[in-house]
Every structure is written in C-alpha cells, then in structure tokens.
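The exercises below are to be worked with the sequence and the coordinates side by side. Each task is followed by a stepwise solution.

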Amino acid sequence: MRNQLLATVFLLAACGCECLPEGDPPKGQIVQAGDTTAKPLSEEAAINFMTTEFGMTAVASVEPGSRVEITGNAPRQAFEVMRRSAAFIRLVPSLEPEEWVLKSDIDGGVWSLELANSGKQVFFVNTKLQTP
C-alpha cells in the first residue's frame, strides 16, 4: 500500500511539470488577493482571528513577559486576545503607560487592533463584526 502511494505521488509530481506552458511566467500579480475581512464575524470568531494574527506577530516582536498597555474603547476584547495568546507568548497586560501599547477600538462595526512599540506601529489588523 505504501509503495502504491509513493508511486502515485511521484507520478503526479512528474506529470505536474509537464502541464506548465512554455516560456516565462507572467509579470506582476497573477491573481487578485481576496478580502479576508469582507465577511462580518461574530465576536467569538473575531477574537479567535485577532488572537492568531496578534499571537504570531507578538512571538516575533515582543520579549516574553513584557508589559503591554491596553488602550482604546474595546479593552475587554484586547484583554481576551492577550489571554488567549498566552499559548504563543506570555505578556503582562497593563492600564499604566508602557513601552508596548495594544490599542483596541470598535468603530462603525469594525474592530481594529494595533500594537506599537514606543509609538512605532508593529502590527495592525481589523475585521468587520456582525451586528447583534
């Protein structure tokens, strides 16, 4: 069974090269990128989305254990994103001024989350929220 699977994968890989047209690839963007935030999300789905986006950026940018000031008109959501991001990186939320600032705002049905270090933006993402 394993040999059949390996043979099938090998044949498909070899055939794939024959399907490409001759010549140079087209210049520029080949397909238009889709708008991943077009569909309004429930608050739970939005928090999950923001947690993944924020967590991956924080791992690459923020020293574990750093204090992060929470600002904006949606602090509860920001605290929840930080709590869930603890699986990626442990940060200390703060309401006092800090070097790192996580701004969470909901305006017109759009939730935006921005992480800045000493005033310089490191991360920004937004998503539309479902209306109740």
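**Exercise 1: Confidence and layout**

In this predicted model, confidence is lowest in helix 1 (residues 2-18), at a mean of 66, and highest in strand 3 (residues 100-107), at 96. The score is pLDDT, the predictor's confidence in each residue from 0 to 100. Residues are numbered from 1 along each chain as its sequence is written, and side-chain values use heavy atoms, with hydrogens and water left out. Local features need pLDDT of at least 70 and side-chain atom pairs 80 or more, while totals for chains, interfaces and linings use all residues.

Task: state the average confidence of the protein and the order of its helices and strands.

Solution.
1. The average pLDDT is 85, and 83% of the residues score at least 70.
2. There are 3 helices and 5 strands, taken as DSSP runs numbered from the N terminus (helices H or I, at least four residues; strands E, at least two).
3. Along the sequence they follow the pattern α-α-β-α-β-β-β-β.
4. Of contacts (heavy atoms within 4.5 Å) between residues at least 6 apart in sequence, 67% join residues at least 24 apart.

**Exercise 2: The core**

Task: find which residues touch the most other members of the largest nonpolar core, and which elements supply at least two residues each.

Solution.
1. A nonpolar core is a set of buried Ala, Val, Leu, Ile, Met, Phe, Trp, Tyr and Cys residues joined through side-chain atoms within 4.5 Å. Buried means under 20% relative accessible area, exposed over 50%, and partly exposed in between (1.4 Å probe, protein chains only).
2. The largest core has 22 residues, and those touching the most other members are Phe-54, Leu-91, Leu-102, Trp-111, Leu-113 and Leu-115.
3. At least two residues each come from helix 2 (43-61), strand 1 (67-71), helix 3 (75-85), strand 3, strand 4 (110-117) and strand 5 (120-128).
4. Helix 2 gives the largest share, 5 residues.
5. Leaving out residues up to four places away in sequence, the residues that Leu-91 touches include Phe-54, Ala-58, Val-68 and Met-82.

**Exercise 3: Two helices and their cover**

Task: list the buried residues of helix 2 and helix 3, and say what covers them.

Solution.
1. In helix 2 the buried residues are Ala-46, Ile-47, Met-50, Thr-51, Phe-54, Gly-55, Thr-57 and Ala-58.
2. Their cover includes helix 3, strand 3, strand 4 and strand 5.
3. An α-helix has 3.6 residues a turn, so residues three or four places apart point the same way.
4. In helix 3 the buried residues are Gln-77, Ala-78, Glu-80, Val-81, Met-82 and Ser-85.
5. Helix 2, strand 1, strand 2 (92-94), strand 3 and strand 4 are among what covers the buried residues of helix 3.

**Exercise 4: The aromatic pair**

Task: classify the 1 aromatic pair found in the whole structure.

Solution.
1. Rings of Phe, Tyr and Trp (its six-membered ring) pair if their centres lie within 6.5 Å; planes under 30 degrees apart count as stacked, over 60 as edge-to-face and the rest as tilted.
2. The ring centres of Phe-54 and Phe-123 are 6.0 Å apart and the planes are at 70°, so the pair is edge-to-face.
3. Phe-54 lies in helix 2 and Phe-123 in strand 5, 69 residues apart.
4. Phe-54 is buried, at a relative accessible area of 0%, and Phe-123 is also buried, at 6%.
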